[in-house]
Amino acid sequence: MALSPRESGEFVASHAKHVALPPEGIEKAAKLVLKCLQEKQFTITGWWKSHELNPQSTSSFALDWVFVADTLNFSFWADKGKAHQITYKGKTYTGYWFLCAAMNRAMEEGYDITSPAYYANVTLDELSHIFRSDTGVEIPLLKERHRILQETGKCLVEKFNGTFSTCVTMAKNSAQNLLKIVLENFPSYRDVATIDGQSVTFYKRAQILIADIWLCFEGKGYGAFDDIDSLTIFADYRVPQALVYLGAMKYSDELLTRLKDDELLKNGDRHEVEIRGCSIHACELIRKYIKDKQKEGTVPKDLYVNSILIDNFLWEYRRSHATEMEHIPFHKTRCIYY
């Protein structure tokens, strides 16, 4: 039986041979997260709308926009010398923000990219044009993105009245219900692995989809989930880099050598599974540290913290300290799950 992402993180961390979670590093990272939470840098009402590429409305359009973005939210790291980027409204974007900028540009050009009826039948040539890069470098895994968009769009049209809002309504304000609906109906979201004979789950894109809805709607309307705190962080390749930088994760010499050699790790490789699982558990320990301080009375009980906000902090921290982290290699796995 597969473990939940939270259980998976704990299991992987307890069986890890190449990734350690130094207690002093966990504490250091937790104190930094706590400081930023106290300064209200990461809250349900601030983070989403601070990014101009995100939809600012609370309509079903915003929901369908989020669904497309997270359906394609994978594999943005570039091969050396082959960066894809886009300049949109005077700003240059790479990585995930490249995707968002390209989607917004496409809508301005008349492509109904958020409509399942459209992307269920979108051609590869159209998609190539929509995600064209200023550098001429094709976005990674374009054919896989095309296949997934068509597969996902057809499912929404055939089973959910042509809109992802139907899925959200069916979930009845439960993040776990929505997670189940997404996993049962959209195969590309089934992010699982096996380690030491145990099936583990990460569900990076499925969880970040629900988190993005929660943030976009600020916990209201479509974004009202009674069990939002049941989600973990979203195990990708950048959050672990930030955790290593902060000392909350440490790699073995063997693993570090593979990463420094720029070796491509296969999805399901033990090293990759350990990195992803341990990054989930590291953040659970960070969350526990803050919660324990609240129980002790040294941190106000009304300070809200969950794994989503911790993930947002680490992801943004990595981007704002990118130059300082250049010496820390991140693992590279070319797959559709993250």
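Start by selecting Ser 4, Pro 5, Gln 176, Leu 179 and Tyr 203: of the 15 residues that line the second largest pocket, these lie nearest its centre. The model on screen is a predicted one. The volume of this pocket is about 200 Å³.

Next, colour helices H1 (5–15) and H9 (175–185). Each of them supplies at least two residues of the lining of the second largest pocket, and H9 has the largest share, with 4 residues. Sorted by class, the lining comprises 7 nonpolar, 6 polar and 2 charged residues.

Now move to the largest pocket, which holds about 960 Å³ of space. Select Trp 77, Tyr 237, Arg 238, Arg 318 and Phe 330, which lie nearest its centre among the 48 lining residues. By class, 24 residues of this lining are nonpolar, 10 are polar and 14 are charged. Helices that each supply at least two residues here are H4, H10, H11, H12 (253–260) and H14. Which of the helices gives the most to this lining? H14 does, with 6 residues.

Stay with H14 and select residues 307–320. The helix has 14 residues, which at 1.5 Å a residue should span 20 Å, and its end C-alpha atoms are indeed 20 Å apart. At the start of H14, show the side chain of Asn 306: one of its oxygens comes to within 3.1 Å of the backbone nitrogen of Ile 308.

Is H14 enclosed or open to the outside? Of its 14 residues, 12 are buried, so the helix is largely enclosed by the rest of the structure. The buried residues run from Ser 307 through Ile 308, Leu 309, Ile 310, Asp 311, Asn 312, Phe 313, Leu 314, Trp 315, Glu 316 and Tyr 317 to Arg 318. Arg 318 is also one of the residues nearest the centre of the largest pocket.

To see what covers the buried residues of H14, add further helices to the selection, including H1, H2 (23–38), H4 (95–108), H10 (204–216), H11 (239–245) and H13 (270–296). H1 was shown earlier as a contributor to the lining of the second largest pocket, while H4, H10 and H11 appeared with the largest one.

The last stop is Arg 258, in helix H12. Its relative accessibility is 17%, and because buried means under 20%, Arg 258 counts as buried. Show what lies around Arg 258: apart from neighbours within four places in sequence, it is in contact with Glu 263, Leu 265, Asp 269 and His 271.

Conventions:
Residues are numbered from 1 along each chain as its sequence is written. This is a predicted model: local features need pLDDT of at least 70, side-chain atom pairs count only at pLDDT 80 or more; totals for chains, interfaces and linings use all residues. Side-chain values use heavy atoms; hydrogens and water are left out. The expected span of a helix is 1.5 Å times one less than its number of residues. Buried means under 20% relative accessible area, exposed over 50%, partly exposed in between (1.4 Å probe, protein chains only). Contact means heavy atoms within 4.5 Å. A polar contact is a pair of N or O atoms within 3.5 Å; within protein, one must be able to donate a hydrogen and the other to accept it, and residues adjacent in sequence count only if both atoms are side-chain atoms. On a 1 Å grid over the protein atoms alone, a cavity is a set of points where a 1.4 Å probe fits but cannot get out, and a pocket is an open set with protein on both sides within 12 Å along at least five of seven lines; lining residues have an atom within 4 Å of a point. Grid points are joined across faces, edges and corners, and a volume is the space filled by probe spheres set on the points. Ala, Val, Leu, Ile, Met, Phe, Trp, Tyr, Cys and Pro count as nonpolar, Asp, Glu, Lys and Arg as charged, and the others, Gly among them, as polar.
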